[in-house]
Amino acid sequence: MTPVLERSRLTKLLQIEEQLFHKNHPKSYELYQRARKSLHGGVPMLWMIRWAGSFPVFVKEAKGAHFTDVDGNEYIDLCLGDTGAMTGHSPTATVQAINEQIQKGITLMLPYEDAIWVGEELQRRFGLPYWQFAITATDANRFALRMARMLTGRPKILVFNYCYHGSVDETFIVLDEEGTPMSRPNNMGPQVNPQYTTKVIEFNDIAALETALSARDVAAVLAEPVMTNIGIIHPNPGYHDALREITRKHGTYLIIDETHTICASPGGYTASFSLQPDFLTIGKPIAGGVPAAVYGFTEEVSQRFAEKLNVDDADVGGIGGTLAGNALSIAAMKATLQHVLTQDFYDKAIQLQERFTEGVESVIKEFDLPWIVKRLGNRSEYWFRPKPPKNGGEAFAAIDHELDRYMHLFMLNRGILMTPFHNMALISPEITQESVNYHTKVFREAIVSLFG
Ligand SMILES: Cc1ncc(COP(=O)(O)O)c(C=O)c1O
C-alpha cells in the first residue's frame, strides 16, 4: 500500500533536525550573527539564505567532492556550487594554471594566445565556429539575446515555463493556472513587465511553439535542451527536431543554454544529440569554478553581426564586459577543458551517478513511495510525484517545500550537502562508491523516519 505522509509528523521531525543543526554548528551560527551586521541577510549573495538550516553553514575549506565547515563537520558535496564546481573543488590542473597565470597578468583587455586554444576547443566540442567570452552564464545569455534581437530586428524572446537562465530580466515570466503569462512571483524590480518582452509556453508543447512563433515577432528561443532548474525534464522524442524546424521556419534564432546540461557529456546535450543551435551559451563549470562563460554562434550569425557592428561604438553597445576574456579565466578554462572535463571525467562521474540513482530508486521501491528519480549524465533529482513531469508547470505543482527542507536538513546533519532549491545531486568523479552507498543509507533512514 502506498504510504501516506503525515504532515504533523513531518513538522515535528523538521524541528528535531533544526535543533540538531543548531547544536552541531555553533561557530557557523556565531559567524552568521556577525555577518548580519555588515552583509544584508548575513550572506554575501541573496540565494545563500535559501539553505535548509535557519542559518548558512560557513565553509573552512573544500577539495574534490568534499568540504569542511568552520565547526569541523565534514561533508560529501552533492551540490558542487550548484554546478560551478562540477569538476570537483579546486581541480589540480586548474589550480596549477591559475597559479602560473596569476604571476603573468590577470586582466589587460588584450588577448593572450591561450584564448585561441579555448576557441578551437569549443568549436571541437560544440560544433559552432565562432566564440566570445563573458564572466557569467547570465551575461552569455544576455549577449546572445541582444545579438538575436539586433540581427532579426524583432523585439521578443520566447522561454519555457519555469525555466531558469540566470538573472536575465526577460526570462522571469511564468504561466498562471489559466495559462496566462505573468511576471514570475517575487520578480524583484523588473524594469518592464516581462509580458512586454517575452512569450512563455510549456516545454514539450509543439503546437504552442508553432502558434507563438507564427507571429514572426520572436527574435530567439532561449532553451535548456533538458530543463534542469525545475527538476529534470527530458524532451519528448522528436521535440528537439520540431523545435529546430519551427524556429527555422519562422526566422527565429535558437539559443541552447548548456550551463547545466554540460553534465551530459564533454560537448553537452548538443553534442550527444547532434542539436543544431544558432547560439550556444555556457558558464559555471567551464573554468573549474573561476568566473567564466562563453557563447558561440554560427557562420551566418557571425557575418551578419560583423556587417551591423559599428566598431567605434563597440564598447558601449551593451555587449562585452571589461573583465570578460581576462587572462586568468582563460587560463583556468584552458586547463579545465584540457585536463579536467575530459571523457574520462564523464565516464567515471556518470557511472557513479547511475549507482546513486539506483540507490535512491531501490529505497523508493522498497517503501512503495509515489516518488521518482530522473537522471541526466552525472546529475539526478528525485521528485515527490509518481510520474516524470512533462513540463515546468507540472513540475512546479509537485513542489513540497516542507518535505524538501526536511530531506535537505536530514542529509546536511549527516554530512551530505544536496543542491538547494530542489533535491538535486551532482556527482564529481572524486566521490567514492562508499560515499554513494552512504547516501543511499542516509536516504533510507530519512524515509524510515517519515514512513517507517
Ligand atoms: C541553465 C542556466 N543558465 C544560466 C545560469 C546562470 O548562471 P550564472 O548565475 O552563473 O550567471 C544558470 C544558473 O543557475 C542556469 O542554471
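Start with two helices: H11 passes H14 in a right-handed crossing. A crossing is called right-handed if the near helix is turned clockwise from the far one by less than a right angle, and left-handed if anticlockwise. Before you go on, note that this is a predicted model, where local features need pLDDT of at least 70, side-chain atom pairs count only at pLDDT 80 or more, and totals for chains, interfaces and linings use all residues. Residues are numbered from 1 along each chain as its sequence is written, and side-chain values use heavy atoms, with hydrogens and water left out.

**First stop: the helix pairs**

Select residues 343–366 for H11 and 433–451 for H14. Helices (H or I, at least four residues) and strands (E, at least two) are DSSP runs, numbered from the N terminus. The axes of H11 and H14 come within 9 Å and cross at roughly 20°. Such axes are lines fitted to C-alpha atoms, for helices over the stretch in contact, and angles run from 0 to 180 degrees between N-to-C directions. H11 and H14 are therefore roughly parallel to each other. Angles under 35 degrees count as roughly parallel, over 145 as roughly antiparallel, 65 to 115 as roughly perpendicular and the rest as oblique.

Keep H14 on screen and add residues 401–412, which form helix H13. Here the axes are 10 Å apart and the packing angle is about 130°, so H13 and H14 are oblique to each other. Their crossing, too, is right-handed.

**Second stop: salt bridges**

Side chains of opposite charge can pair when their charged atoms come close. A salt bridge here is a side-chain nitrogen of Lys or Arg within 4 Å of a carboxyl oxygen of Asp or Glu. By this rule the count comes to 20 salt bridges.

Select Arg149 and Glu170, whose side chains meet in one of them, at 2.7 Å from N to O. The pair links distant parts of the chain, 21 residues apart: Arg149 sits in helix H5 (residues 137–152), while Glu170 is in the loop between strand E5 (156–160) and strand E6 (173–175). Is Glu170 buried or exposed? Glu170 counts as buried, at 12% relative accessibility, and Arg149 is partly exposed at 23%. Buried means under 20% relative accessible area, exposed over 50%, and partly exposed in between (1.4 Å probe, protein chains only).

Back on H11, pick Lys348 and Asp344, a salt bridge with its closest N and O atoms 3.2 Å apart. Because they are four residues apart in helix H11, about one helical turn separates Lys348 and Asp344. Lys348 is partly exposed, with a relative accessible area of 44%, and Asp344 is partly exposed at 43%. Arg7, Asp400 and Glu402 are worth selecting together, since salt bridges that share partners join them into one network.

**Third stop: the surface**

Color Met45, Leu46, Trp47, Met48, Ile49 and Met188 to see a nonpolar surface patch of about 570 Å². Patches are made of residues with over 30% relative accessible area and no salt bridge, with like charges joined within 9 Å and nonpolar side chains (Val, Leu, Ile, Met, Phe, Trp, Tyr) within 5 Å. Accessible areas come from the Shrake-Rupley method with a 1.4 Å probe; for residues, only the protein chains shown count as cover. Where is Met188? Look in the loop between strand E7 (181–183) and strand E8 (198–201). Met188 is exposed, with a relative accessible area of 56%.
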